[in-house]
Amino acid sequence: MATQQTKYWPPERADEGVREAASVLASGGVVAFPTETVYGLGGDARSDAAVERIFAAKGRPADNPLIVHVAAAGEAEALAAAIGPAERRLMDAFWPGPLTLVLPARPGAVSARVTAGLDTVAVRVPGHELARRLIAAAGCPVAAPSANRSGRPSPTRADHVLADLSGRIDGVLDGGPTGVGVESTVVRVMDGAAHVLRPGGVTAEQLAAALGGLARVASPPEAGDAAASDAGAPRSPGVKYSHYAPQGVMVVVAGGDAARIRAAVQAAADAERARGARVGILACDENAGAYRADAVLGLGPRAEPERAAQALYAALRECDALGIDRIFAEGYPERGLGAALMNRMRKAAGGRILKA
Ligand code: TXA
Ligand code: MG
């Protein structure tokens, strides 16, 4: 792909940035922008050419559909063929915010490349004000995957976007670091259940509380789970691809309390260093100070998976920058946002888990 000039709009010139980036989108270009979860790479969802440029810039497989971002919930009506009561309840409860709803698609509303030929469309209203202003000013639904090269950790800062996509996209709107740090929760309501296709910024507990008796919440089978091949459960095409991977080999150390995890991580790190590897450790603040390794990156207090989610992708990129070739990451309890955090950690580790 030909190298091109990638424009950078800094946070202190946000008004000008939104105006210019919106006009780039309106004329078929592709720009990265902040959302409350991670940075997205946006293009006019109605334009085959713009959507094609998104796939090309990322190196993304064409059968992995994109999320369509709109500025307000009312705009989902034009994209969906029907919206049921449970879906409406979730829209009311979580939009704007880190929830993506997979809805029956209204034929012709967006490019068939966005939906990868499926008869459903994934829609969300981002919880970041700059994102909504950009979409509103562009005047079109904006298809946007995470603004990373396919397979790499998602970007939580504008410099992550530039590291992956500089020269391949038209511009980056810098809104500072993103808040949630992991992607939106992808949900499809089907047969009386809200199926979580990808855990994310809205937790299963929050979904259940909002739905009340309207629908039960069905959580996703993880890769390697026997249940993963259950017939009838809806699937998200993206789930089969490798994701979020740092350059080093990563292992998640899970299954014990903080002290057992610390002992297991240190033993594994010592063994790898004795073999000459450069070892990085991702740890909760309580344990971080006690480790011996080439790099120790603190992810916040163990009781706050929100902080770890916010810090995870930047920490993985930091390990790459430090030339780390073995990463040991402490596992977290899978409650609340811990579920999405562990899902991303397992994927970044390619499923390598060490039981503490
Ligand atoms: O937080 C987020 O969701 C970020 C920001 C930029 O909005 N976006 C993001 O997009 O994570 P992406 O492309 O990296 O992930 C989209 C996920 C993929 O797992 C994809 O397979 C799934 O949504 N998806 C999209 N359309 C779908 C559909 N029609 N049915 C099922 N899954 C779908
Ligand atoms: Mg992604």
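In β7, the residue that serves as bridge partner of His69 is Val142, and His69 also has a side-chain N or O atom 2.6 Å from an oxygen atom of ligand 1. The structure described here is a predicted model, and this briefing follows His69 in two directions, towards the sheet and towards the ligand.

**The sheet**

- Strand β4, which spans residues 67–69, pairs with strand β7, residues 142–143, in the antiparallel sense over two bridges.
- These two strands belong to an open sheet of 11 strands with mixed pairing, in which the order runs β1-β8-β2-β3-β7-β4-β6-β5-β9-β10-β11.
- Because β1 (7–9) and β11 (216–218) stand at the edges with a single partner strand each, one side of each is left without a neighbour in the sheet.

**Contacts with ligand 1**

- Besides His69, a polar side-chain atom of Arg124 lies 2.9 Å from an oxygen atom of ligand 1, while a polar side-chain atom of Ser236 lies 2.8 Å from a nitrogen atom of the ligand.
- On its own, ligand 1 has 680 Å² of accessible area, and the protein covers 97% of this.

**The surroundings of ligand 1**

- Ligand 1 sits in the largest pocket, with 27 residues around it, of which Thr37, Asn64, His69, Ser184 and Gly238 come nearest.
- By class, the shell around ligand 1 consists of 13 nonpolar, nine polar and five charged residues.
- Strands β4, β6 (120–124) and β10 (193–198) each contribute at least two residues to this shell, and β6 provides the largest share, with three residues.

Note on methods: Residues numbered from 1 in each chain as written. Chains lettered and ligands numbered in written order. Predicted model: local features only at pLDDT ≥ 70, side-chain atom pairs only at ≥ 80, totals over all residues. Heavy atoms only, no water. Near = heavy atom within 4 Å. Polar contact = N/O pair within 3.5 Å; in protein donor to acceptor, adjacent residues only side chain to side chain. Areas by Shrake-Rupley, 256 points an atom, 1.4 Å probe, with all protein chains shown as cover. 1 Å grid on protein atoms, 1.4 Å probe; cavity = no way out; pocket = protein on both sides within 12 Å on 5 of 7 lines; lining within 4 Å. Sits in = over half its atoms within 2 Å of the grid points. Helix = DSSP H or I, 4+ residues; strand = E, 2+ residues; numbered from the N terminus. Nonpolar A, V, L, I, M, F, W, Y, C, P; charged D, E, K, R; others polar. Pairing = 2+ DSSP bridges.
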